[in-house]
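Q: Could you take a close look at one part of this model for me, the aromatic cluster and the core around it? I'd like one connected walk through it.

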Amino acid sequence: MFQNILQRNLSDIKNVKNIADDIIIFGKNRQEHDTALESCLKRLSALNIKAKGSKCSFLKAEIKFYGLIFTEKGTRPDPDRVAKLQNVAPPQNASEVRSFLGMANTCSDYIPNYAAMTLPLRELTKKNVKFKWTLVEQRSFNQLKQKLTQVMLILTPIKEAF
């Protein structure tokens, strides 16, 4: 519920994004960043929402946020997140498939044909579908892990921020 309140009330502010109760404020330069920060803080104040100072970080050149690393040049997958994904054992049930896909989805922008590649896995998460891990799902799982490895081997894949 809190996430929905934040999302509804912050979504129109340029350079402000939120996931769950986390808010990221960014800009291509200091002025752009500060304008977004001021707008966000005014909006939070108007909603009587307070940010806990000890949980806030300001003017960082690089931050990790939900599986990505954000810099002034753009975003790239977090190597720690990719390493965790590469070490995941094959899922044993639909819940584990959902968890794996949720973690992998943060890197989807860096993997060509991500949706087609993960289709067999996503099928296992549908309601009323009996969980059955076959060679098709194993192949999809292995291919995704291989692509994640390739993404990390590319120097530093940067995608322009938002």
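A: Let's fix one term before we start: contact here means heavy atoms within 4.5 Å. Keep in mind, too, that this is a predicted model.

With that in hand, start at F100. Setting aside neighbours within four places in sequence, F100 is in contact with L85, V88, L121, F141, L144 and K145. One of those partners, F141, takes us straight to the rings, since ring pairs link F100, F131, W133 and F141 into a cluster.

The structure holds 4 aromatic pairs. Take F131 and W133: their ring centres are 6.3 Å apart and their planes sit at 20°, so this pair is stacked. The cut-off behind that call is under 30 degrees between planes. W133 also pairs with F141, and this time the arrangement is edge-to-face, with 5.7 Å centre to centre and 80° between the planes. Edge-to-face needs over 60 degrees.

How do these rings sit with respect to the surface? F131 is partly exposed, at 24% relative accessible area, and W133 is partly exposed as well, at 23%. F141, on the other hand, is buried, with a relative accessible area of 1%. The line for buried is drawn at under 20%.

Now widen the view to the largest nonpolar core, which has 22 residues. F100 turns up again here: along with L101, I111, Y114, L121, L144 and L148, F100 touches the most other members. Two of the F100 contacts, L121 and L144, are on that list too. As for where the core comes from, at least two residues each are supplied by strand 4 (68-71), helix 3 (79-86), helix 4 (94-104), helix 5 (114-123) and helix 6 (135-153). There's also a second, separate core of 10 residues, and its members include L10, I13, C40 and I49.

Strand 4 is worth following a bit further, as it has a partner. Strand 3 (residues 62-65) runs antiparallel to strand 4, and 4 bridges join the two. Within that pairing, E62 stands opposite T71 of strand 4. The two strands make a hairpin with 2 residues between them, and Y66 in the turn has a positive phi of about 50°.

So, back to where we began: F100 belongs to the ring cluster with F131, W133 and F141, and F100 is also among the residues touching the most other members of the largest nonpolar core.

How values were computed. Residues numbered from 1 in each chain as written. Predicted model: local features only at pLDDT ≥ 70, side-chain atom pairs only at ≥ 80, totals over all residues. Heavy atoms only, no water. Phe/Tyr/Trp six-rings, centres within 6.5 Å; stacked < 30°, edge-to-face > 60°. Buried < 20%, exposed > 50% of the residue type's maximum accessible area, 1.4 Å probe, protein only. Core = buried A, V, L, I, M, F, W, Y, C linked by side-chain atoms within 4.5 Å. Helix = DSSP H or I, 4+ residues; strand = E, 2+ residues; numbered from the N terminus. Pairing = 2+ DSSP bridges.
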